[in-house]
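Trainee: Please show me the model, and then we can go through the aromatic rings and the nonpolar core.

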Amino acid sequence: MPAFITFGRILFAVIFIASGASKFLDLGVAADAISNKVLPTLPAAVLPYTAQLEQLAGMELKQIMAIATAALELIGGIAIALNFGARFFALVMVLFVMAATFYFHDFWNLAGADAKAQMIHALKNLSLIGGLFMIAGIGKGPRLDAYGEG
């Protein structure tokens, strides 16, 4: 059974690893998506801090957020696949997937075919959240002795 859990965890993490890597390979597309969906919703009270962050980093907030998003997906996916801090990263990824679903798969604001397509993506993300909670619950899995028994 532990081999199935390990294999499943590795396959599960592929979606995050691939998504993070693809964002790094085309940061402009990720930055534009963030600029269109996330940045307009930032509260006015946060804007002075984002301006300071942009000045400090020497790049626009959308680029900073695209790099952070890509890094989170890539590092979180690799950590889950390798079972290194799997519980922690699974819970962090729950929050990330919830935010991504809210901002990028807002089927409740759409109609027709677009609403159906985004609902499917939102339900897929709900399934991912379920899997992440299972990984967080299992952690490293059962401890085995030298004979592979619990």
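Mentor: Buried means under 20% relative accessible area, exposed over 50%, and partly exposed in between, with a 1.4 Å probe and protein chains only. This is a predicted model, where local features need pLDDT of at least 70, side-chain atom pairs count only at pLDDT 80 or more, and totals for chains, interfaces and linings use all residues. Residues are numbered from 1 along each chain as its sequence is written, and side-chain values use heavy atoms, with hydrogens and water left out.

Trainee: Is Tyr103 buried, partly exposed or exposed?

Mentor: Between under 20% for buried and over 50% for exposed lies the middle class. The relative accessibility of Tyr103 is 25%, so the residue counts as partly exposed.

Trainee: How are the rings of Phe102 and Tyr103 arranged?

Mentor: Rings of Phe, Tyr and Trp (its six-membered ring) pair if their centres lie within 6.5 Å; planes under 30 degrees apart are stacked, over 60 edge-to-face, the rest tilted. For Phe102 and Tyr103 the centres are 5.1 Å apart and the planes at 80°, so the pair is edge-to-face.

Trainee: Which element gives the largest share of the largest nonpolar core?

Mentor: A nonpolar core is a set of buried Ala, Val, Leu, Ile, Met, Phe, Trp, Tyr and Cys residues joined through side-chain atoms within 4.5 Å. The largest one has 18 residues, with Phe16, Ile80 and Leu132 having the most contacts inside it. Helices (H or I, at least four residues) and strands (E, at least two) are DSSP runs, numbered from the N terminus. The largest share of this core, 7 residues, comes from α5.
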